[in-house]
Amino acid sequence: MMRRVVLLLVLLVATTVAAQAIDPLPFKDHAQEVRFQHLTAQLRCLVCQNESLNDSNADLARDLRHEVFDLMQQGKSDQQIKDWMVARYSKFVLYDPPLDAGTALLWFGPLLVLVLGGVALVVQVRRRARAAATEPASAVTESNDSGENW
Amino acid sequence: MIPELGQLALILAMLLALVQGVVPIVGAWRGNNAMMSLARPVAAGQFVFVALAMGILIHAFLTFDFSVGYVAANSNLALPWYYRITAVWGAHEGSMLLWVFILNVWTVALAMFSRQLPEAFAARVLGVMGFIALGFLAFIVFTSNPFLRELPMQPDGADLNPVLQDPGMTFHPPVLYMGYVGFSVAFAFSIAALLGGELEQAWVRWARPWTNVAWAFLSGGIVAGSWWAYAELGWGGWWFWDPVENASFMPWLVGAALVHAQAITEKRGSLRSWTILLSLFAFSLSLLGTFLVRSGVLTSVHAFASDPRRGLYILGFLVVVIGGSLLLYAVRAPKVAGGRAFAIVSRETAILIGNLLLTTAAAMVLLGTLFPLLGDALNLGKVSVGPPYFGFLFNLLMLPVVLLLPFGPYLRWGKGDTGVLKPIALRAGLAAIVCAVVAAFFVDNRLKAIAGVAGAVWVCVGTLLYVIKRWREMPRGRRFPAEMAGMLLAHFGVGIFVAGVMLSESLSVERDVRMEPGKIVQLGSYDFRFDGVRETSGPNWRGDEGVVTIMRDGATVATMHPQKRTYTRGQVQTESAIDAGIFRDIYVALGEPMEAGNHEGAWALRLYQKPFIRWIWLGGLFMMLGGFVAAGERRFRVQKARSEAGTTIAEPAA
Amino acid sequence: MSRLLPFFAFVGLVALFGFGIWWNTKHDLREVPSPLIGRAAPEFRLPVLGDPGRTVSKADLLGKPYLLNVFGSWCFACGEEHPVLMAEGKALGVMLVGYNYKDEPAAAKGWLAEHGNPYDLVIADVEGRTAIDFGVYGAPETFLVDGKGVIRYKRIGPLTPDVIEHELKPALAKIAREAP
């Protein structure tokens with residue numbers, strides 16, 4: 001029920017022709033605009049299925065982009081702006097998951113896989129290399145099939 | 001009446017799939033020739049009925065049969081005929097039918113081109129394919145029937161989602177599915193080998209062309225999807241690490257590892273278990289992807305409508321197929337290491353390192369994709385995992401792959417010679433450094449762009465050096481066996497891809513601007529002049545079309561027509577204008593009039609210049625081509641000496 | 001033995017997916033838990049709907065708990081929630097403040113006139129700026145703010161009799177117990 005409701009909400013917002021991701025703002029210079037693009041690309045549009053503030057047409061996305069712009073004009077740093085967003089919308093609003101106890105598995109998991117896999121690889125290669133060392137070199141590189149060993 | 005025939009066809013196909021999934025496998029177990037020989041005709045029969053169902057659904061769309069709920073939900077009277085056909089796979093039920101149809105295409109191809117396989121093995125392979133088809137057909141028949149009538153009949157349908165009304169939609173899903181579903185063949189070969197206790201590596205030789213072709217299709221499908229998102233979604237991006245994109249990328253990564261592992265096992269007889277396991281993983285990830293996008297378990301731009309009942313069904317199917325195959329693997333995979341030994345410096349080791357990095361990358365993507373779900377399950381709080389995570393870790397993991405790539409062809413099987421590697425490293429390295437230094441002048445010392453140039457030159461020059469070596473050393477006709485040519489093409493494609501990604505990401509410029517008619521804005525190396533907006537329309541939409549003239553040094557380079565369309569049901573779609581080029585794309589998207597309702601005044605526009613972005617897809621296409629070419633290797637088609645009497649030499653589908 | 005590792009890893013995955021399907025039936029994926037629970041409500045000063053000369057600030061509402069219900073005449077689900085508020089709002093025994101979000105005052109007044117006004121007070125946030133400080137991302141949403149101005153509970157989505165009974169009332173009771 002709730003999902004249908006939110007979906008309808010989103011549809012209502014999405015078909016409103018007023019809001020648009022294309023939103024010229026009075027930047028001081030191009031560098032500031034680039035910084036704005038990078039920042040809003042990292043912030044999530046909360047009413048969208050999976051879009052950043054930079055890409056979303058939703059009303060809320062436009063409002064939040066304007067907030068980011070205002071905060072930039074006030075001289076806030078990227079981190080301060082992100083903190084501002086997180087204080088209101090929780091860390092869900094960041095596409096770059098922060099590194100903390102809750103996300104340790106996320107950030108170190110792949111490293112763990114790499115290390116464990118690496119160990120298995122080293123074991124396997126050394127076993128084969130030991131076997132290879134006991135064979136004559138020509139036998140090791142001898143081709144198995146009718147082709148050449150290129 | 002006819003849609004009911006479609007339903008009947010699906011039920012019959014399901015029953016045939018049941019026979020196909022059970023009887024030949026039992027026959028192979030029992031040595032019963034009659035049961036085994038049932039496999040091919042039954043597979044053919046199943047194909048006929050599935051094709052019939054497909055044809056009936058297409059017919060329903062072409063004839064505007066809105067009494068069929070699925071047709072009414074995904075098309076309307078104004079939809080052009082070519083999009084009515086693609087609407088067939090535009091939503092859940094139809095795309096499931098497409099899945100099964102393509103599974104049948106692969107099965108029939110297998111049935112036709114497997115004469116050189118021993119009877120029992122072929123029976124098992126076709127049996128596994130039948131069993132998988134059974135699962136999907138049952139899913140369709142019981143939970144996702146595209147032929148359900150919705151009465152009273154609507155006078156007009158809803159519409160196909162405008163985002164899907166694009167040429168990319170015509171070929172992205174079928175090509176993608178050819179890949180996705182095609183990994184079922186390698187899967188079936190592995191299961192057949194495990195069931196039959198086939199410990200010879202001969203079966204891997206038969207599996208290789210099928211796997212290469214599937215991987216090639218998947219590469220093409222992913223490229224098509226990325227290009228379509230770029231052209232259609234209006235935000236100029238080509239990859240967002242969205243769960244549905246990841247669902248296709250994970251099998252691709254594992255598939256890339258698989259085609260290399262298969263090379264080792266086929267030629268050297270070693271690492272049989274690992275190759276089998278990879279083939280189980282590849283198809284499992286395909287099935288997993290199917291589950292993820294239809295169960296509603298994850299938030300995605302691209303997900304089909306979710307339904308817990310469907311989710312549970314697919315999950316049950318996953319348990320049987322994946323769980324069953326992994327259990328079979330645990331019990332029956334070869335326990336003793338077989339095949340040739342190899343030294344630390346050898347092609348085997350290089351491939352294994354590549355395998356490790358590719359599978360770790362797949363695991364990373366899986367972890368990142370599932371982490372929000374994990375966070376809910378373990379109460380870790382609600383977290384978003386997006387491009388900053390995936391992109392960062394992916395680049396990190398692929399860096400060693402890029403560094404190792406040029407050495408691959410130079411390392412021999414069994415024992416490589418480091419002496420051969422040094423001159424290559426020096427030459428390719430020097431070329432990379434020189435090009436990087438030159439590039440630095442053009443790109444304002446942007447590190448990412450320079451790194452991209454260096455990496456691309458390293459890979460491409462290293463690969464070309466090998467091409468030259470082979471050209472010089474071998475006589476005509478024996479220089480480039482298909483397998484080697486495919487490998488060189490694909491590796492070269494990696495270099496192009498790296499250049500495309502790094503350069504476009506680092507050098508793209510984008511601006512949102514307010515433009516009155518006649519105003520000129522400078523972006524990148526071009527001047528953009530806005531020449532106003534006029535009204536326009538299409539078969540099922542009305543809209544505004546802007547005219548933007550692109551100039552350089554006073555001369556007109558292109559005239560672009562970005563559109564803002566409103567479709568029959570009110571959906572608004574931005575049709576960006578793209579001026580494609582080999583070295584850059586110019587991209588213009590039309591926003592809103594700055595003053596609501598005033599179409600004559602200023603408009604908001606988004607302007608982009610994207611250098612080298614086509615190289616991303618060009619690289620992918622090279623990889624795809626490499627896969628197809630490698631599959632054409634004659635050795636895969638020629639029978640081994642120990643063959644069965646009376647069987648004929650045939651060619652695999654390639 | 002290590003050959004069973006992939007199988008067990010898969011079993012873990014299945015457990016996760018089973019959980020996911022179950023969780024999906026109970027929650028909306030798009031629900032974002034508020035980081036403001038247990039924190040002070042943001043400072044605000046908003047005009048009363050239809051009477052722009054009068055403004056209401058956070059300080060004005062201190063001393064007693066109140067419910068802040070975010071709604072708009074454009075919001076379909078608010079229309080579904082409305083009868084519940086009309087029926088059960090008064091019985092809750094707390095001040096019900098309507099927070100008109102991104103709406104046109106005339107439209108909002110018309111909507112309340114047509115469907116009834118369950119609120120003790122309605123403030124209007126036409127631009128939606130203050131709502132961002134509250135972490136509002138859609139409507140309807142409801143905040144329970146205690147006498148000290150601390151947000152104690154947030155409901156994302158419409159209030160239903162079920163939610164009122166099992167979530168809101170216990171939260172209200174908790175606040176009541178703390179009062180001296």
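**Exercise 1. Decide whether Cys460(B) is buried or exposed in this predicted model, and explain why its sulfur forms no bond to another cysteine.**

Solution. Begin with accessibility: Cys460(B) has a relative accessible area of 11%, and since buried means under 20%, Cys460(B) counts as buried. Next, look for a partner: the closest cysteine sulfur belongs to Cys435(B), and because it lies 10 Å from the sulfur of Cys460(B), it is too far for a bond. Finally, turn to Cys435(B) itself, which is in no disulfide and which, at 31% relative accessibility, counts as partly exposed.

**Exercise 2. Find how many disulfides there are over all chains, and work out the handedness of the one that joins Cys45(A) to Cys48(A).**

Solution. The count over all chains comes to two disulfides. In chain A, Cys45(A) is joined to Cys48(A), with a distance of 2.1 Å from S to S, which is within the cut-off of 2.5 Å. The torsion about this S-S bond is about 65°, and therefore the disulfide of Cys45(A) and Cys48(A) is right-handed. As for their surroundings, Cys45(A) counts as buried at 1% relative accessibility, and Cys48(A) counts as buried at 7%.

**Exercise 3. Describe in the same way the disulfide between Cys75(C) and Cys78(C).**

Solution. The sulfur atoms of Cys75(C) and Cys78(C) are 2.2 Å apart, and a disulfide joins them. Since the torsion about the S-S bond is about 90°, this disulfide is right-handed. Both Cys75(C) and Cys78(C) are buried.

**Exercise 4. Characterise the interface of chain B and chain C, asking how much area is buried and which residues of chain B supply the most.**

Solution. Start with the contacts, in which 32 residues of chain B meet 21 residues of chain C. Together the two chains bury about 2,200 Å², and 81% of this area is on carbon and sulfur atoms. On the side of chain B, Leu315(B), Leu373(B) and Lys382(B) supply 21% of the area buried against chain C, which is more than any other three residues supply.

Then ask which elements take part: helices H11 (272-294), H12 (308-332) and H13 (347-377) of chain B each give two or more residues to the side that touches chain C, and H12(B) gives the most, with 12 residues. By class, this side of chain B has 23 nonpolar, six polar and three charged residues.

Lastly, consider specific pairs across the interface, where the rule finds zero salt bridges but two residue pairs in polar contact, both at pLDDT 80 or more.

Definitions and conventions
Residues are numbered from 1 along each chain as its sequence is written. Chains are lettered from A and ligands numbered from 1 in the order in which they are written. This is a predicted model: local features need pLDDT of at least 70, side-chain atom pairs count only at pLDDT 80 or more; totals for chains, interfaces and linings use all residues. Side-chain values use heavy atoms; hydrogens and water are left out. Contact means heavy atoms within 4.5 Å. Buried area is the accessible area (1.4 Å probe) that two parts lose on being put together, summed over both. A salt bridge is a side-chain nitrogen of Lys or Arg within 4 Å of a carboxyl oxygen of Asp or Glu. A polar contact is a pair of N or O atoms within 3.5 Å; within protein, one must be able to donate a hydrogen and the other to accept it, and residues adjacent in sequence count only if both atoms are side-chain atoms. Helices (H or I, at least four residues) and strands (E, at least two) are DSSP runs, numbered from the N terminus. Ala, Val, Leu, Ile, Met, Phe, Trp, Tyr, Cys and Pro count as nonpolar, Asp, Glu, Lys and Arg as charged, and the others, Gly among them, as polar. Buried means under 20% relative accessible area, exposed over 50%, partly exposed in between (1.4 Å probe, protein chains only).
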